[in-house]
Amino acid sequence: MMFPYLATIPHTRSMPTQSFIATFFPVAELTEDRSHYLPSRNAFRAVPAAAKSPQEIYEPLIAALNDRKQQKARCPGFVFEDVAARSVHPRRIGYMKPHVCCFSTSSIDLLQSCELSSRSELGHAELFFEVKPDPSHDDFTDAIPIAGSDTVYESFASNRAPAGVPAVVLELHKARGQHIAYVVEVFARQFREFFFSISMAGSCARLLRWDRSACIVSESFDIRKHPEILCEFLWRFGQASAAGRGHDVTVEPALTEEEAIFETLVTEATALQLGVSGQALRQAVLQHYQPGKVMAIQVLDHGEPSNIWRRLLVSRPVISPLSLCGRGTRGFWAVDTSSHRVVFLKDTWRTTAISDLEGEILRHMAEDGVRNIPHVVAHGDVPRHLPNDGRKLSTGDYQSTITDEYKSQPWVHLAGSKDIHISPRRHYRLVLEQVGYEVRFLRGTEELLNASYDVFAGRCSAHVCIHRTMLFIRSRLAMRDALEKDSRVHRDISPGNIILVRDREDQTIRKGYLIDWESSCTVDESGLAAKAGRAGTWLFMSRELCLDHENIYRQTIKDDMESLLYVVLYCALHWLPHNYGKDTLADCIAAFFKHRDAFRNSSVG
C-alpha cells in the first residue's frame with residue numbers, strides 16, 4: 001500500500017524523557033520482576049556520535065538492541081531488524097522504509113513473506129527507529145539555527161515552505177514528513193489506538209507517541225551518555241500489554257473456519273452486486289478479501305450491556321485513510337458471524353465535539369421515514385479492553401486520543417503556530433445493513449448525463465429514466481426526505497457518499513443510497529443549518545461555501561443540491577467517455593474542482 005503524499009500534523013514537543021516514560025508506561029501496570037533486565041552500562045558505546053550515513057549508526061544500534069546475555073535482554077520477547085535494506089528502491093520516496101523496526105518474536109517469521117516492493121513489514125512493526133547520521137539533522141528540533149547566520153528558522157507545519165528557507169531546513173522538513181508517512185502506513189495496516197517511534201540524529205534520540213490527533217515528542221537525549229533512558233523505555237515497552245503498546249485488542253485473527261465462511265459469503269455478495277461470474281468474480285472478490293488476512297472485530301452496540309458483543313469478520317478495506325490526523329476512516333465489507341450476512345463496517349475516529357452519533361442520527365431518520373439511507377445494525381464507541389462482567393463502561397474505558405490533554409503543559413512547543421487546535425477524538429464503529437459500490441463503478445454513458453440533466457432541469461423524459469437516473473433521483477429523495485421529515489441537511493455530498501446497491505438478482509436498477517451523515521445537522525424554520533461554517537469536501541462545495549473564508553455561512557438544501565450537480569459532472573468527466581485528453585482533463589479537474597486561493601488565513605475558490 002503506497003501513499004501519494006506526505007502527511008503533516010501539528011505536534012506538541014519536548015516532553016521530559018523521564019515524564020514520557022513514566023506517563024505512558026507507568027510502573028503500576030508492569031511486572032516487578034526485573035531479573036531479565038540487561039544492565040544499561042555502556043549499552044550503546046559502539047554507536048558513533050555522528051557518521052556519514054545512517055547505516056553507520058543503525059548497524060551497531062541493532063546489534064546493541066538485540067544483545068542478550070544469560071537470559072537477559074533489552075526488550076524481552078522482541079527483536080530489532082534492518083528493514084531499510086528490504087526495498088527495491090531504498091532511497092526513492094514511496095519505497096523507502098524505516099531503518100530499524102521492532103517485531104515480536106512470534107511474528108518475525110512473517111517478514112520472509114513480505115514483498116520488497118511494498119511496506120508490508122509495517123503491518124507487523126511494534127515500533128521503529130528512523131535514523132539521521134548527524135546530531136544537527138534532528139528533524140524534530142524546536143528551531144533550526146543556520147551556521148554563519150543570526151537567523152533561526154522555526155519548523156514550519158505545512159507542506160509548503162516559506163520563501164527563502166535554506167536547503168538544510170527543507171531537507172529536515174522532508175525527513176520529518178517521511179517519518180510521518182511511515183506512521184500513517186502503520187495505522188493503515190494495523191488496528192491501533194496509538195503508536196511509538198524513535199527518531200535518531202547521530203547518537204541523539206527522541207521518543208515519540210502518535211495518535212489520531214497529534215504527536216508528543218520527548219526531549220533529545222544522547223544514548224551514548226545516557227543509555228539508561230533508552231534501555232528503560234525499551235524494557236517497559238517490552239513488559240507492557242498489547243493495549244499498553246497501542247494495539248486495539250478488540251481485533252484478533254479470525255479462525256480458519258471463519259475465513260472459509262467469509263470468503264463464501266463475500267463471493268456471493270459480490271456476484272449479486274456486480275452480476276459477474278468466473279474470473280471476473282474472482283478478481284472482484286479480491287477487493288474485499290485477501291487470503292490469509294481475515295480479522296475478527298468485536299463491536300459493542302451502543303446502550304447494550306458490555307458483555308454483549310457482535311463479532312464481525314473483515315479483510316481488505318474498501319476505504320483507507322491517507323493521513324494521520326482526523327477521522328482515519330476505514331470501511332470494510334464484513335460478515336456478521338451471528339446472522340451470516342454481509343454488512344458494511346465503518347471504523348472511524350469521531351470528534352468528541354459532536355454529541356450526536358452517526359448511528360443515532362440514522363436510526364432517528366429511519367424512524368421518521370427517510371428513504372434511501374442505510375439501515376443501522378449496530379454502532380458504538382470502541383472499548384480499550386474486553387470486559388466480560390457486564391458492568392457499564394465509563395468514559396476512560398474507551399479508546400480516545402490524549403495528546404490534547406498535554407497542550408497546556410509548560411514544556412509544550414507548538415510547531416509553526418501557537419494557535420494550533422488539537423481535536424480530541426474517540427474510536428467509533430458503525431455497522432450498516434447495506435453493502436454496495438461507489439458511483440465510480442457506474443455503468444452507462446448517456447444515461448448518467450441525460451438523467452442528471454433531467455433531474456436538475458425538472459423535466460424527466462421516459463427514455464432516460466433508467467439505471468443512473470434512479471441513482472441520482474434516489475439520492476435526491478434522501479436529501480429531500482431528510483429535510484422534510486427530519487429537518488436535516490447532509491452537508492457532505494460527494495461521490496464517496498453515494499453507493500449503488502442491488503438488493504436482489506432480478507433487480508435491474510441499482511438503488512442509490514446516501515451515506516456518511518456524521519457531518520449533517522438540523523435546520524431551523526427558515527431552512528438554515530444550525531451549525532455555521534464549512535463542512536464537506538472542497539471539490540464539491542457550493543460556491544457560497546467556497547467563498548466563506550470567515551466560516552459564518554449557514555448551509556441550506558440548495559447547497560447540497562449544488563454539490564450533487566458537481567458530483568454528477570465529476571463522475572461524467574472521470575468515468576464516462578468524452579473527447580478530453582489526459583492533460584486537458586487534469587487541467588479541467590484542477591481548475592473547476594480543486595482550485596483555491598489563500599485569503600486572510602483561510603482559502604477561497
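Helix H11 has many buried residues in this predicted model. Among them are Asp559, Asp560, Met561, Ser563, Leu564 and Tyr566. Val567, Val568, Tyr570, Cys571, Ala572 and Leu573 are buried in H11 as well. The helix covers residues 557–575. Its 19 residues, at 1.5 Å a residue, should span 27 Å, and the C-alpha atoms at its ends are 27 Å apart, so the two values agree.

Strand E6 (residues 127–132) is largely enclosed by the rest of the structure, because six of its six residues are buried. Both of its faces are covered. Leu127, Phe129 and Val131 are buried on one side, and Phe128, Glu130 and Lys132 are buried on the other.

E6 pairs with strand E5 (residues 100–104) and with strand E9 (residues 195–201). Phe129 of E6 takes part in both pairings: Val100 stands opposite Phe129, and Ile198 in E9 is the bridge partner of Phe129. The table sets out these pairings together with that of E22 and E23.

| Strands | Sense | Bridges | Residue pair |
|---|---|---|---|
| E5 and E6 | antiparallel | three | Val100 and Phe129 |
| E6 and E9 | parallel | six | Phe129 and Ile198 |
| E22 and E23 | antiparallel | four | Ile499 and Tyr513 |

Strands E22 and E23 belong to an open sheet of three strands, in the order E20-E22-E23, with antiparallel pairing. The edge strands are E20 (437–438) and E23 (511–514), each of which pairs on one side only. Strand E22 consists of residues 498–501, and its residue Ile499 stands opposite Tyr513 in E23.

Ile499 also appears in the lining of the largest cavity. How many residues line this cavity, and which lie nearest its centre? The lining has 18 residues, and Val318, Phe344, Gly436, Glu438 and Ile499 lie nearest the centre. By type, the lining residues divide into 10 nonpolar, five polar and three charged. The volume of this cavity is about 200 Å³. In total, the model has five cavities of 30 Å³ or more.

A further site is Ile308, in the loop between strand E14 (295–300) and strand E15 (309–314). Is Ile308 buried, exposed or partly exposed? With a relative accessible area of 43%, Ile308 is partly exposed. Leaving aside residues up to four places away in sequence, Ile308 touches Val299 and Leu300. Ile308 and Gln298 are 10 residues apart in sequence, and their C-alpha atoms are 9.6 Å apart in space.

Conventions. Residues are numbered from 1 along each chain as its sequence is written. This is a predicted model: local features need pLDDT of at least 70, side-chain atom pairs count only at pLDDT 80 or more; totals for chains, interfaces and linings use all residues. Side-chain values use heavy atoms; hydrogens and water are left out. Two strands pair if DSSP finds at least two bridges between them. Helices (H or I, at least four residues) and strands (E, at least two) are DSSP runs, numbered from the N terminus. The expected span of a helix is 1.5 Å times one less than its number of residues. Buried means under 20% relative accessible area, exposed over 50%, partly exposed in between (1.4 Å probe, protein chains only). Contact means heavy atoms within 4.5 Å. On a 1 Å grid over the protein atoms alone, a cavity is a set of points where a 1.4 Å probe fits but cannot get out, and a pocket is an open set with protein on both sides within 12 Å along at least five of seven lines; lining residues have an atom within 4 Å of a point. Grid points are joined across faces, edges and corners, and a volume is the space filled by probe spheres set on the points. Ala, Val, Leu, Ile, Met, Phe, Trp, Tyr, Cys and Pro count as nonpolar, Asp, Glu, Lys and Arg as charged, and the others, Gly among them, as polar.
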